[in-house]
Amino acid sequence: MQYLTILAVVTTLLHNAVPQTIDPTTVDEATKDTWCNNQKASCPLLCLQEGASDVPASNDCTASTLVYSCICDNGLTPNASEYSQTVPFYECTEAATQCVNRCPRTDSACQSQCRTANPCGAQNPTRVNTTTSSTMAATATRGGAAATDASDSSYTGFGDAATTGSSESTNNAQALAIGFGRSWGLAIVFVGISAGFTFML
């Protein structure tokens, strides 16, 4: 009896195991063409994440076999499985879909297991473009605003205006412009449209 239970558990585990690659012949040609086009479009962006230029040394994909190459000009090969819109990502999601299709229609636990046991995409992505934040040493200024060093914050004001050392009149002018636009912007647009309709009649 225990033998049958163990056999059932092992069979279920093997049934739910999703391979990271699929047989390319199980996917239609149009879908594979789309996957390859997306892979080739993603490669330059992946290379930028690797500190290389957006012109890879090798960027190719063969739709019939789903064999691809993405080698950056600095010699590095990005881990395409950590990104969406790449062949490894599509193969993984297709493998999970095929696993779900092998499950009985009424067995939601089997279907859920296919997706959760084999996640696709980055599980612990490397953060390349990060913003650091630090605890601000704030000093009270008029109006309750806090002064901070511009290098410690992500947002440094409007356009080229710096947040530190700027005159109070510049800040007041910006606040006045925003307040005016907020208060009167819609009214001015409405009057303009009304005048246009009146002119046309």
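User: Let me start with one residue: is tyrosine 90 buried or exposed?

Analyst: Keep in mind that this is a predicted model. A residue counts as buried when its relative accessible area is under 20%. Tyrosine 90 comes out at 11%, so it is buried.

User: And what does tyrosine 90 form an aromatic pair with?

Analyst: Here's the general idea: you describe a pair of aromatic rings by how far apart the centres are and by the angle of the planes. Searching the whole structure turns up two aromatic pairs. In one of them, tryptophan 35 and tyrosine 90 are stacked, with 5.3 Å centre to centre and 5° between the planes. That pair links distant parts of the chain, since tryptophan 35 sits in helix H2 (residues 29-49) and tyrosine 90 in helix H3 (residues 87-102), 55 residues apart. Tryptophan 35 is buried too, at a relative accessible area of 7%.

User: Why is the pair of phenylalanine 89 and tyrosine 90 edge-to-face?

Analyst: Look at the angle: planes over 60 degrees apart count as edge-to-face. For phenylalanine 89 and tyrosine 90 the planes are at 65° and the centres 6.0 Å apart, so the pair gets that label. Put the ring pairs together and you have a cluster of Trp35, Phe89 and Tyr90.

User: How many residues does H3 have, and which are buried?

Analyst: One way to read a helix is to check its span against the expected one. H3 has 16 residues and reaches 22 Å from first C-alpha to last, close to the 22 Å expected at 1.5 Å a residue. Its buried residues include Val87, Pro88, Tyr90, Glu91 and Cys92. Further along H3, Ala95, Ala96, Cys99 and Val100 are buried as well.

User: Back in H2, what does serine 42 touch?

Analyst: For contacts, it helps to skip neighbours in sequence. Leaving out residues up to four places away, serine 42 touches Ser84, Gln85 and Thr86. Serine 42 lies in helix H2 and is buried, with a relative accessible area of 10%.

User: Now the outside: which residues form a nonpolar patch on the surface?

Analyst: Val189, Ile193, Phe197, Phe199 and Met200 do, and together they have about 630 Å² of accessible area. Take phenylalanine 199 as an example: you'll find it in helix H5 (residues 168-200). The cut-off for exposed is over 50%. Phenylalanine 199 has a relative accessible area of 74%, so it is exposed.

Technical notes. Residues are numbered from 1 along each chain as its sequence is written. This is a predicted model: local features need pLDDT of at least 70, side-chain atom pairs count only at pLDDT 80 or more; totals for chains, interfaces and linings use all residues. Side-chain values use heavy atoms; hydrogens and water are left out. Patches are made of residues with over 30% relative accessible area and no salt bridge: like charges are joined within 9 Å, nonpolar side chains (Val, Leu, Ile, Met, Phe, Trp, Tyr) within 5 Å. Accessible areas come from the Shrake-Rupley method with a 1.4 Å probe; for residues, only the protein chains shown count as cover. A salt bridge is a side-chain nitrogen of Lys or Arg within 4 Å of a carboxyl oxygen of Asp or Glu. Helices (H or I, at least four residues) and strands (E, at least two) are DSSP runs, numbered from the N terminus. Buried means under 20% relative accessible area, exposed over 50%, partly exposed in between (1.4 Å probe, protein chains only). Rings of Phe, Tyr and Trp (its six-membered ring) pair if their centres lie within 6.5 Å; planes under 30 degrees apart count as stacked, over 60 as edge-to-face and the rest as tilted. Contact means heavy atoms within 4.5 Å. The expected span of a helix is 1.5 Å times one less than its number of residues.
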